[in-house]
Each structure stands twice: as structure tokens, then as C-alpha cells.
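Biologist: Hello! Could you walk me through this protein model in plain words?

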Amino acid sequence: MVRQMPDVGAINCRGGSGVEWGGGDVLDKSALYSLRSGVDPCGTLSRGQVSPRGRYAPSPTGDLHLGNLRTALLAWLYARCADGQFVLRVEDLDRPRVRPGATERMLNDLRWLGLDWDEGPDVGGPYAPYTQSERLVLYAHHLQRLRAADLIYPCYCSRAEVARVASAPQQGDDGPRYPDTCRYLTQAQRRQHEANKRRPSLRFRVNDERVVTFTDLLAGYREQHVQQVVGDFVVCRSDGIFAYQFAVVVDDALMHINQIVRGADLLHSTARQILLYEALGFPIPSFVHVPLLLDAAGNRLAKRIQSEESPAINRGATGEVISATGLVQQYKERFYDIIAKMSWNA
Ligand SMILES: [Zn+2]
């Protein structure tokens, strides 16, 4: 059964302007209303779920390139090889960066590659909708849970201010560590910022001592002292858009995704996401971070390599994608076995 989301309009993760932190409610009133009127924000999370469920979650900010297709194919293979289900989700929260028609072209390219999905924006499914911009009420609900647990606080720093204050000479993959500037603001100081029309982002309060450890099925054992390396991180941007780190955790959890295959560029953010899984009481999936595909010069492939009008993928690229996944190597020996067993009866 496809569950329909109520139309809640644009939900801003910071709440409306003028909402006083500490007194007001971070949720838009319409979101609260729709939560009361029949949407179960936790879906069927309590139901036992053991079968493998994988996903591919592209952003329609440009056309898929060879590296994206390779990751999609590996995620699909990983799920299908285990008789698992495969979910397609469109991550379009960053509306200004969404390109017209990109979603349709992505779906076409994935179909062209021969991938199929059990649930997705075009076929629906039990955890619909499968497009992030239609799931704002769910993010608002779970952000409210973090707030109720005093795990988020408003940060009035601009990006430049964070960079200026951060003294660490070495920068992580996500820029400088957040220097705790707004962590201990008093209510009066927050009011002062609000009076100055500063628009806050919301940051997740990272435990000072916690070292997050996990074993990536490809990259191996990893550990990160999140507070030392990253610091308190943004779950809601100052422009009101739910942060990727937050939305992806809520989505994967509510969609019962238990195996995450994705590009190695997200390996560094996994520890942060594990903190969010824990804070929200969600089971933590297994992770497989696939090395990024590089061009001949050793650079990461960029999206938007094709113009709006042309087909997103060179139609002769199937062999390249198959080759890039390592499938050719993997099946080489088997191929020779098969050839060896063939008899020429003609
Ligand atoms: Zn701040």
C-alpha cells in the first residue's frame, strides 16, 4: 500500500522566523497538524526486519556519471545477490541545486543499465514517499525528538566565522572543526542574535569523549573521535534546509535499509551518522564504501558532464561500467571454466 503524505507545504527546519529558541517549537504548526492527522512518523519501524534491504540514493543535481553508475550497480548487486530488496530514493533537499529533468534522466539511465528497484519514486512502496522533498514532515518530527532530548542547539556562526575561530591548522574532510562558539550561549545571548536577525543553523551536540568505531565491509575497521575531528555538526542549515547527514539517517532508518553501499567520499561522515542513529534509537546498518572512480588524471569524476539535452550516458558505456565494478576480473576464471566446458557440436 502506498501511503500518501499530506501536503504540508514547505517545512523549514528552523521553524518560522522569530521563533524564540527555548520557548517556541521548532516544528511548523502545519507539520504538527499533519503528524496528528494520521501520518505515523516511525512507519513500521517496530516490525521485525531481517531481509537485506539496500538502496541507491542519487541527487538530481546533474546527470549520473560512470562512477555513480558503478556505485549504483554495486549496491544493486550486493542487495540482489543476497535475495534482498532494492530501494531507489531521490535526494533533492537542496532545491536550488536541483536540475530540471534530472530525476527522470537518472531513472532512465539506471533502467538502461538494467537495474530494477522494488520501491522508488516511480513505483511507490510501503515507505513512500521516496523523494526527500516530500518527506519534510518526517525530518521535522525526528528533529523535534533531538531537540526534546537537548541534543541540538542553535548556532549563529557564519561559515567564515567558524573558519576564522578554528585554530586547528589541519582541516578535516568537512573543513575546520566547529570551535564550540555557540555551544554554551545563554538564553539572553541567543535572544540578542535573534534580535540582530541572525539566522541560526542547528547543531548536534556531540559527546566529548565518544570514539565511534565501526567496520566497513570494504574499507575495514574505522574509528573517529567525532568531537575532536569534526565537533558539533549541522543537522539543519541556516537557510532552513535539513542537512544531508540528518535526512539520510532518518530516511535509511524509516525505510529499513540495513546495508548501505555508497561512494568512499561519505566514509568520513559515517561516524557522525552513527551518532544520529544512536540518538534516534535506530538500528545501525552495515556500510560498504566503494572507492571513487577517478579519471585518467586522477581527479574525481564530476557530475553534469552532459548537457541538458543530450542523453546522460554515452550509450556505449555498459562495458565500461561492468569493467569498473571489477566484475570482469571476478568472473574471468569462471568464464574460462565455462568456455572450457563448451563443446562444439555444430
Ligand atoms: Zn556557532
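Modeller: Happy to! Helices (H or I, at least four residues) and strands (E, at least two) are DSSP runs, numbered from the N terminus. Two strands pair if DSSP finds at least two bridges between them. This is a predicted model, where local features need pLDDT of at least 70 and side-chain atom pairs count only at pLDDT 80 or more, while totals for chains, interfaces and linings use all residues. Residues are numbered from 1 along each chain as its sequence is written.

Biologist: How many helices and strands are there in the protein chain?

Modeller: The protein chain has 346 residues. Its elements are 11 helices and nine strands.

Biologist: In which sense do strands β8 and β9 pair?

Modeller: β8 covers residues 259-263 and β9 covers residues 286-290. Across the pair, R262 stands opposite H289. Five bridges join the two strands, and their sense is parallel.

Biologist: Which hand does the unit of β8, helix α9 and β9 have?

Modeller: Helix α9 spans residues 270-279. Imagine the strands pointing away from you: the crossover is right-handed if the path from the first strand over the helix to the second runs clockwise. This β-α-β unit is right-handed.

Biologist: Is P283 buried or exposed?

Modeller: P283 is in the loop between α9 and β9. A residue is buried if 20 or more other C-beta atoms (placed from the backbone) lie within 10 Å of its own, exposed if 12 or fewer, and partly exposed in between. P283 has 11 other C-beta atoms within 10 Å, so it is exposed.

Biologist: Why is helix α4 described as largely enclosed?

Modeller: α4 runs over residues 136-148. Its buried residues include L136, Y139, L143 and L146. The helix is largely enclosed by the rest of the structure because the number of its 13 residues that are buried is 10.

Biologist: Which residues have the most contacts inside the largest nonpolar core?

Modeller: A nonpolar core is a set of buried Ala, Val, Leu, Ile, Met, Phe, Trp, Tyr and Cys residues joined through C-beta atoms within 7 Å. In soluble globular proteins, nonpolar side chains tend to be buried together. The largest core here has 70 residues, and those with the most contacts inside it are Y139, F204, V235, F242 and F246.

Biologist: Which helix gives the largest share of this core?

Modeller: The largest share is eight residues. They come from the helix at residues 66-81, which is α2.

Biologist: Which strands stand at the edges of the open sheet?

Modeller: Three strands form this sheet in the order β3-β4-β7, with antiparallel pairing. Each edge strand has a single partner, so one side of each is left without a neighbour in the sheet; the edge strands are β3 (152-155) and β7 (233-236).

Biologist: Which residue of β7 stands opposite L202?

Modeller: Strand β4 (residues 201-204) pairs with β7 over three bridges in the antiparallel sense. The residue opposite L202 is C236.

Biologist: Which peptide bond is cis?

Modeller: Look at P129, in the loop between α3 (102-112) and α4. Omega is near 0° for the cis bond, which runs from A128 to P129.

Biologist: Is K197 buried or exposed?

Modeller: K197 lies in the loop between α6 and β4. Its phi is positive, about 65°, although it is not a glycine. K197 has 8 C-beta neighbours inside 10 Å, so it counts as exposed.

Terms used: Expected span 1.5 Å × (residues − 1).
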